[in-house]
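Here are my notes on the model you sent. Please read them with the structure open.

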Amino acid sequence: MSKSRISSTSHAIDTVNNSAPPLDYSFRSLATFPDVLDEEPRPSLRSLLKQEDSKKYKTNALRLNNNSLTNFNGFEDTIQNLLENPSHLSWLDLSFNYLTSIDKVILQYPELKVLNLHGNTIGKMTEIDKLASLHNLKSLTVHGNPMEDTKGYRDYIISKIPQLEKLDFSKITKADRECAKTMSKLSGKNKKAVKAGET
C-alpha cells in the first residue's frame with residue numbers, strides 16, 4: 001500500500017505535564033526500535049535535558065514518525081534505555097511507519113495522553129480494543145490505516161475508548177458520542193440475534 005510520507009510535526013504536543021521538548025527520531029529510516037539507541041535525536045529549539053549519571057533523557061514525549069518500523073519488538077527496552085522516567089511517557093508519535101498491529105506493550109505506559117498511529121498498515125478494527133484500558137488517553141490518530149475503510153470506523157473507536165477527546169485530530173462531540181452509543185447497541189443486538197440463530 002502506497003502512503004504519503006508526511007511529517008506530523010506541525011501538531012502541537014500537550015505540554016501540561018511535559019516541560020521538556022520531545023525526543024525526535026523522525027525520518028531516520030529506523031527498521032526496529034533498538035535502532036534508535038544508535039542514533040542521536042534531532043536538534044530541538046529548546047535544550048534536551050539529560051540525566052548526567054544515567055545519560056537518559058528527561059522528557060515524556062517521543063517522536064518516531066516517518067520511519068520503517070513494522071512491529072513493537074524491543075519497544076519496552078528501548079524506552080527504558082532512553083527515558084529517565086519511562087512510565088511517565090505521555091506523548092508518542094508512531095505515525096507513517098509500517099506497523100500492522102497495536103502491541104499490548106503500549107499498556108505499560110498508563111500515562112499516555114496522546115498516541116499517533118496514523119499512516120500505518122493496521123487492518124483489524126479489533127486492534128483498537130487493546131487501548132481501552134489507557135484511561136488517560138485523550139487523543140488518538142489512526143486514519144490512513146486500512147481499518148479506516150471499515151464501516152462505522154469512527155463510532156467503533158469512540159465506543160471502545162470513551163475517554164478520548166480527539167480522534168484523528170478532530171474533537172469528539174456530544175453528537176459523536178450519542179451516535180457511537182447507538183451503533184454499539186445495534187451491534188450488540190445483531191450479535192445476540194446471530195447467536196440465537198445458531199442455537
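How many bridges join strand 3 to strand 4, and which way do the two strands run relative to each other? The points below start there. Keep in mind that this is a predicted model.

1. Strand 3 covers residues 91–93, and strand 4 covers residues 114–116. Three bridges join them. The two strands run parallel. For a place to look, take Asp93: Asn116 in strand 4 stands opposite.

2. Now the whole sheet. The sheet is open and is formed by seven strands. Their order is 1-2-3-4-5-6-7. The pairing is mixed. The edges are held by strand 1 (23–24) and strand 7 (170–171). Each has a single partner strand, so one side of each is left without a neighbour in the sheet.

3. Next, backbone angles. Asn66 is not a glycine, yet its phi is positive, at about 55 degrees. Where is Asn66 placed? It lies in the loop between strand 2 (61–63) and helix 1 (75–82). Is Asn66 buried or exposed? The relative accessible area of Asn66 is 5%. The cut-off for buried is under 20%, so Asn66 counts as buried.

4. Asp168 is another residue to inspect. It also has a positive phi of about 55 degrees and is not a glycine. Its loop connects strand 6 (166–167) and strand 7. Strand 7 is one of the edge strands from point 2. With a relative accessible area of 16%, Asp168 is buried.

Note on methods: Residues are numbered from 1 along each chain as its sequence is written. This is a predicted model: local features need pLDDT of at least 70, side-chain atom pairs count only at pLDDT 80 or more; totals for chains, interfaces and linings use all residues. Side-chain values use heavy atoms; hydrogens and water are left out. Two strands pair if DSSP finds at least two bridges between them. Helices (H or I, at least four residues) and strands (E, at least two) are DSSP runs, numbered from the N terminus. Buried means under 20% relative accessible area, exposed over 50%, partly exposed in between (1.4 Å probe, protein chains only).
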